[in-house]
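Reader: Could you take me through one part of this model in detail? I'd love a close look at the salt bridges and how they connect the chain.

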Amino acid sequence: MGDWTVWRSYEFNEWVREALPHSRRGPCATARRRTLKLSPNWRWSVGATNAGLAPVTIDDVARAAGVSKGAVSKLLTTDDETSSGLAQLALTGSPNFNVVLPDPDDAVSDLLRLAVPHEDIDAIVRCLPVLRQPGPLRWLLERCVHLLAHCMDHPKAGRRFPTFPNQSKPVRRYFYVLVFLAMLPQLRMLHRKRGIPEHVSWLTLTDLGRRVAVHHRFHGVGGLRDPNSLVHHFTGTLYQLGRLQFERATLNKRHGPSIARAGLPDRPGDPCLSVHIPDYCGPLSPQACDHSFAAAREFFARHFPGERYRIAVCDSWLLDTQLAAYLPADSNIVQFQHRFTIRTFPANDHSILRFVFGPDTSDVDKLPRRTTLERAIIDHIQAGRHWRAGSGWLTL
């Protein structure tokens, strides 16, 4: 089985019984009725296959869910990332608690509090009966919720969910909305245990509705194409405090040398807060940011007293220092940049174009030039230059 780091025991029987045919050979087949000693990263490794685990195939999911291979093939692709994501879900196993979807009335109330656009609510509610029935979607729902529960309140937890290549049907587009809806009771329980104020709890979770609105903008219909962007919200590791969101994270090597030169004791692997800038939240004004950073210092000291956060980091196209050559010195973006010690890295122009102009950016010459920022982005590219990715840090 390879050299496993002894951390905790995990009974592998259910994984083998549910996800793999008994005739299968290889590392996992020999694990039947054995207890493995897994690395502490087993549950959040993107590539369960990297740990020597056999990938889970569409055949395996069909067998475990009791449906035909064709039924699963209509939902999922056969690429390595999907196989790895399925392996992670199968390794997590079936939950030891009931995964309960709310009844229609409660679902409507929850969706409204999560800021899901009104025009999507009826379509989401119509999906509830489908996900209560046995089959591949129910199999996926239960294991996605179980994986989130496993990673609850763990800042280092990272996980990737499989996505549906064909999202023509509402139940596929809204599937992960319902996963997060089913996860809501456990998350709210954690928030109460931590003493998280009600207004912070719900403000944080409205990012779900915001992502559905972004899906409208980019695809013309409601849905949630990238569920991984909301995992931190629904596992208790990210909170919105005013204009900004703050994720419990750890420093990586990117900022280590710069922080050391500043004479600070923080090193890679130490706790930090990762700053996120949500869409549709108004101007990124200096006053709003001042309020958010001040709130973060008080919030995390009070609700996470065992975790000391001295550094905040941010990775964003907004931190490309080239923008300062085009924008006024008192602009919100330039003022935001001045808070950080910044490094920039080579990148393509896709990120900044997508965030500023939306999905259709194939012809830069036809993009609108309504604002100083839009004109700056276009002029820079038309001059033969490229935008860069920015990454910065600051002391709290």
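**A close look at the salt bridges**

Author: Happy to! Glu 298 forms a salt bridge with Arg 302, with their closest N and O atoms 3.5 Å apart. Please keep in mind that this is a predicted model. Glu 298 and Arg 302 both belong to helix α13 (residues 286-303), and because they are four residues apart there, about one helical turn separates them. Arg 302 counts as exposed, since its relative accessibility is 58%, and the cut-off for that class is over 50%.

Salt bridges that share partners also build one network, made up of Asp 153, Arg 194, Arg 248 and Glu 307. Let's follow Asp 153 through it. One salt bridge of Asp 153 is with Arg 194, where the closest N and O atoms are 2.8 Å apart. This pair links distant parts of the chain: Asp 153 sits in the loop between α7 (136-150) and α8 (170-173), while Arg 194 is in helix α9 (residues 175-194), 41 residues apart. With 25% relative accessibility, Arg 194 counts as partly exposed.

Asp 153 also forms a salt bridge with Arg 248, and here the closest N and O atoms are 2.8 Å apart. Arg 248 lies in strand β4 (residues 244-250) and Asp 153 in the loop between α7 and α8, so this pair ties together parts that are 95 residues apart in sequence. Asp 153 and Arg 248 are both buried.

For the wider picture, the count comes to 14 salt bridges.

Terms used. Residues are numbered from 1 along each chain as its sequence is written. This is a predicted model: local features need pLDDT of at least 70, side-chain atom pairs count only at pLDDT 80 or more; totals for chains, interfaces and linings use all residues. Side-chain values use heavy atoms; hydrogens and water are left out. A salt bridge is a side-chain nitrogen of Lys or Arg within 4 Å of a carboxyl oxygen of Asp or Glu. Helices (H or I, at least four residues) and strands (E, at least two) are DSSP runs, numbered from the N terminus. Buried means under 20% relative accessible area, exposed over 50%, partly exposed in between (1.4 Å probe, protein chains only).
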